[in-house]
Amino acid sequence: MFPVHRPRRLRLTETIRRMVRETTLTVDDLIYPLFVVHGRDIKKPINSMPGCWQMSIDHLVRTAKEVHGLGVPAVILFGIPARKDEYASEAYAPDGIIQQAIKALKDSVPDLMVITDVCLCEYTSHGHCGIVQDGKILNDPTLELLQKEALSHAVAGADMVAPSDMMDGRVKAIREVLDSNGFTHIPIMSYAAKYASSFYGPFREAAESAPKFGDRRSYQMDPPNRREALKEVELDIQEGADIVMVKPALAYLDIISDVKRTFHVPVAAYNVSGEYSLVKAAAQMGWIDHDRVMMEILISIKRAGADLILTYFAPEAARLLQG
Ligand code: PBG
């Protein structure tokens with residue numbers, strides 16, 4: 001009881017605060033998402049995500065070298081194809097934009113971990129993450145396309161694949177196709193608990209992947225559900241996921257915490273586009289201290305239980321962390 005107990009004693013100086021600090025963020029925790037387009041010398045700003053661009057491969061390589069130089073261990077790639085069709089053909093074309101980008105990155109920055117987002121929405125004419133028939137998103141026929149896509153990424157040299165489509169059974173399907181083609185060593189980071197979130201708005205501008213009709217609520221999770229996240233994660237681990245992801249991060253810290261406490265695999269959290277844009281907008285207005293808010297958000301995601309954070313803030317955070 002007070003006056004014997006005075007918690008402020010352990011907060012008096014930065015030195016003592018450092019000593020009793022329970023959570024640390026390091027560059028090792030960060031994964032940087034990048035958007036790749038066809039062409040040369042293209043670096044097109046994404047309006048709703050200041051500091052992010054759609055980049056052609058030459059700029060992508062330059063940026064990847066930079067973030068690798070800052071100590072960031074990994075990037076995750078999103079592709080914007082030249083043409084979209086009903087079957088997302090460019091998602092698994094051997095010379096598709098992602099397949100080319102993977103090769104270029106592995107040639108020029110071999111130590112940088114190249115993770116690929118495995119999903120169809122950037123490549124389908126209707127913008128959904130699966131095959132569409134009569135306005136419905138078909139589950140099982142979509143698995144075959146996701147297998148082709150994941151395999152083509154592995155063939156191109158991807159170090160890890162990350163399915164984000166939320167079709168049932170896709171982790172199993174992808175594990176099988178990788179294993180039967182000599183890629184038993186390639187890990188799967190599954191977007192296991194991915195919610196149908198309005199925080200993805202700016203990303204859909206960045207990746208040109210907004211659905212042309214309807215929404216993603218028949219495959220992505222319903223935001224009020226908590227128990228269901230554990231079921232999704234459990235299934236993905238049973239199917240062979242090596243790392244499981246919760247997405248978005250900030251409005252879903254309870255889910256990150258539940259997943260961390262329940263399972264024994266690394267947990268990733270996606271600090272999504274809308275979470276990034278909110279900070280950028282408020283900072284531009286002069287309403288918040290950008291760097292402090294950014295670091296507080298990232299540490300809160302780690303404190304909740306994330307081992308890895310996918311974040312557009314990666315280069316800025318890395319710069320601050322490196323002093
Ligand atoms: C693809 C995908 C999305 C995001 C990552 N992969 C968009 C979506 O599901 O609509 C969102 C990332 C972000 O908002 O930063 N399915």
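Does Asp29 count as buried or exposed, and at what relative accessibility?

## Asp29 and its burial

In this predicted model, Asp29 has a relative accessibility of 8%. Buried means under 20%, so Asp29 counts as buried. Asp29 sits in the loop between helix 1 (14-20) and strand 1 (30-37).

## What surrounds Asp29

The side chain of Asp29 takes part in two kinds of pairing. One is with the backbone: the side chain reaches the backbone nitrogen of Thr26 at 2.8 Å. The other is between side chains, where Asp29 and Lys302 are joined by a polar contact of 3.1 Å.

Lys302 also appears in the list of residues in contact with Asp29 once neighbours within four places in sequence are left aside. The others in that list are Thr24, Asp307, Leu308 and Ile309.

## The chain as a whole

The chain contains 11 helices and 12 strands. Its radius of gyration is 20 Å, which agrees with the value near 20 Å for a compact globule of 323 residues. The C-alpha trace spans about 70 × 45 × 40 Å along its principal axes.

Of the 323 residues, 54% are buried. Among contacts with a separation of 6 or more, 75% are between residues 24 or more positions apart.

## Surface and charge

About 14900 Å² of the chain is exposed, and carbon and sulfur atoms supply 53% of that area. There are 37 positive and 42 negative side chains. The centres of these two sets lie 8 Å apart.

Definitions and conventions
Residues are numbered from 1 along each chain as its sequence is written. This is a predicted model: local features need pLDDT of at least 70, side-chain atom pairs count only at pLDDT 80 or more; totals for chains, interfaces and linings use all residues. Side-chain values use heavy atoms; hydrogens and water are left out. Helices (H or I, at least four residues) and strands (E, at least two) are DSSP runs, numbered from the N terminus. Buried means under 20% relative accessible area, exposed over 50%, partly exposed in between (1.4 Å probe, protein chains only). A polar contact is a pair of N or O atoms within 3.5 Å; within protein, one must be able to donate a hydrogen and the other to accept it, and residues adjacent in sequence count only if both atoms are side-chain atoms. Contact means heavy atoms within 4.5 Å. The radius of gyration is taken over C-alpha atoms; the globule rule is 2.2 Å times the number of residues to the power 0.38. Accessible areas come from the Shrake-Rupley method with a 1.4 Å probe; for residues, only the protein chains shown count as cover. Lys and Arg count as positive and Asp and Glu as negative; His and the chain ends are not counted. The place of a charge is taken as NZ of Lys, CZ of Arg, CG of Asp or CD of Glu.
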